[in-house]
Amino acid sequence: MAESGRDILKAKNILQQDGLVAIPTETVYGLAGNAISEEAVVKIFEVKNRPSFDPLIVHVASIEQVEEMVLNIPVKAKELAAKFWPGPLTLLLRKQAIIPDIVSSGLDTVAIRIPDHPITLELLHHLGFPLAAPSANPFGYVSPTTIKHVNDQLGDKIPYILDGGDCHVGIESTIIGFQDEKPEIYRLGGIAVEDIESVIGKVGVKYHSSSKPAAPGALESHYAPGKKVELKEIASLDSAADPEQIGLIRFMDLYPGIPEKNQVILSATGDLKEAAKNLFSALRKMDEMDIQYIIAESVPEIGLGRAINDRLRRASATC
Ligand code: TXA
Ligand code: MG
């Protein structure tokens, strides 16, 4: 198990020496290293077992810091930043040479955001350098929203977890790119499409096949637990299926045909924000249960529901 605590100076010391620290954000925990140091960034890829073609998100404390790392910020990007930062929004912007190519996997854009978490913002202010941080999970698995989640999988690979409590958004940031200044959503996430559109008008959403992802987080199979996930209505269940062997993730209420202990309700009040916060814990809990496979029902396809359904779809994809 990794040591955990709220010691910002300890985190700073490790990061200054090109070590890695798991950091809390409002979305999910990140596996952070100095974004300007190739040595630190290489460690991130190794610990996560992440393919080098999958670029990282850079976390900074202020818009001024963003401006030191990118070029030509489109007007709509500035509007979104003013409205949603600090917050679960990642912008893809033309990178300056200060960001090592390994961070962006050789792309000429860098993914960048100001996270909305007090302890991590304080850490970033202390550091003076940006932090590259993918979600703190092995590549392809479900993102961590608690320090226990981080410890369960990466605990023996990192020296320290900065404890910021449970992540309150619970689903990763919304990623927006601007090819030819035209905004497009590369990954649905913690800020709903409707909220983005209320600021900059209509935006497209990129959908990708697994063979050529624009954001590899958009790979078909991603955010996936170890057990098989079927995304369907429980009412369509084959009558021969053994209810004891099924784990059920449902939006609002229990389903009478499956043992209660095998079910997780995402939000009894039908609150999509609460559902997003509980989603990854639900998938992890199912993975630990003594069942054969997981059935997940879609939630309403509005607001954060779109991002939740996106993650469920990817968790259920097999390739
Ligand atoms: O909420 C979040 O975004 C969390 C927290 C820790 O900030 N981070 C996160 O990072 O989800 P990660 O590495 O798990 O996902 C980053 C996604 C990947 O799908 C990656 O492909 C995409 O961002 N990405 C990064 N740079 C990109 C770029 N230049 N162009 C397109 N996609 C990019
Ligand atoms: Mg991830």
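**Reading helices, domains and salt bridges**

Modeller: Let us start with helix 5, residues 118–127, whose buried residues are I119, T120, L121, L123, L124 and L127. Please keep in mind throughout that this is a predicted model.

Biologist: What covers the buried residues of helix 5?

Modeller: The cover includes helix 1 (8–16) and strand 2 (21–23), together with strand 4 (57–59), strand 8 (131–132) and strand 9 (160–162). Just after helix 5, the backbone at G128 takes a positive phi of about 80°.

Biologist: Is H59 buried or exposed?

Modeller: The rule to apply is that a residue is buried under 20% relative accessible area. H59 has 4% relative accessibility and therefore counts as buried. H59 belongs to strand 4, and, not counting residues up to four places away in sequence, H59 touches R113, P115, L124, P130, L131 and A133. In addition, a polar atom of the H59 side chain lies 3.3 Å from the backbone oxygen of I57.

Biologist: How should I read the domains, and where do they lie along the chain?

Modeller: The domain assignment gives domain 1 as 3–205 and domain 2 as 228–315, and the centres of the two, taken over C-alpha atoms, are separated by 28 Å. The contact between them takes 26 residues from domain 1 and 18 residues from domain 2.

Biologist: What area is buried between domain 1 and domain 2?

Modeller: The area is about 1700 Å², and carbon and sulfur atoms give 54% of it. On the side of domain 1, the residues V142, I171 and L188 lose the most area to domain 2, and together they make up 32% of what that side buries.

Biologist: How many salt bridges and polar contacts are counted between domain 1 and domain 2?

Modeller: The general idea is that side chains of opposite charge can pair when their charged atoms come close. Between domain 1 and domain 2 the count is two salt bridges, and there are eight residue pairs in polar contact. Helix 6 (147–154) and helix 7 (193–200) are the elements that give two or more residues to the side of domain 1 that touches domain 2, and helix 6 gives the most, with four residues. By class, that side of domain 1 has twelve nonpolar, nine polar and five charged residues.

Biologist: Which parts of the chain does the salt bridge between K206 and E184 tie together?

Modeller: The side chains of K206 and E184 meet at 3.6 Å, N to O. K206 lies in the loop between strand 12 and strand 13 (228–231), whereas E184 lies in strand 11 (residues 182–187), so the pair ties together parts that are 22 residues apart in sequence. Both K206 and E184 are buried.

Biologist: Where do D310 and R313 lie, and how far apart in sequence are they?

Modeller: An α-helix has 3.6 residues a turn, so residues three or four places apart point the same way. D310 and R313 both lie in helix 9 (residues 305–316), three residues apart, which is about one turn of the helix. Their side chains meet in a salt bridge of 3.5 Å, N to O. D310 counts as buried, at 3% relative accessibility, whereas R313 is partly exposed, with a relative accessible area of 32%. Salt bridges that share partners join E172, D310, R311, R313 and R314 into one network, and within it the side chains of R311 and E172 meet at 2.8 Å, N to O.

How values were computed. Residues numbered from 1 in each chain as written. Chains lettered and ligands numbered in written order. Predicted model: local features only at pLDDT ≥ 70, side-chain atom pairs only at ≥ 80, totals over all residues. Heavy atoms only, no water. Buried < 20%, exposed > 50% of the residue type's maximum accessible area, 1.4 Å probe, protein only. Contact = heavy atoms within 4.5 Å. Domains from an automatic or database assignment. Buried area = accessible area lost by both parts, 1.4 Å probe. Salt bridge = Lys/Arg side-chain N within 4 Å of Asp/Glu carboxyl O. Polar contact = N/O pair within 3.5 Å; in protein donor to acceptor, adjacent residues only side chain to side chain. Nonpolar A, V, L, I, M, F, W, Y, C, P; charged D, E, K, R; others polar.
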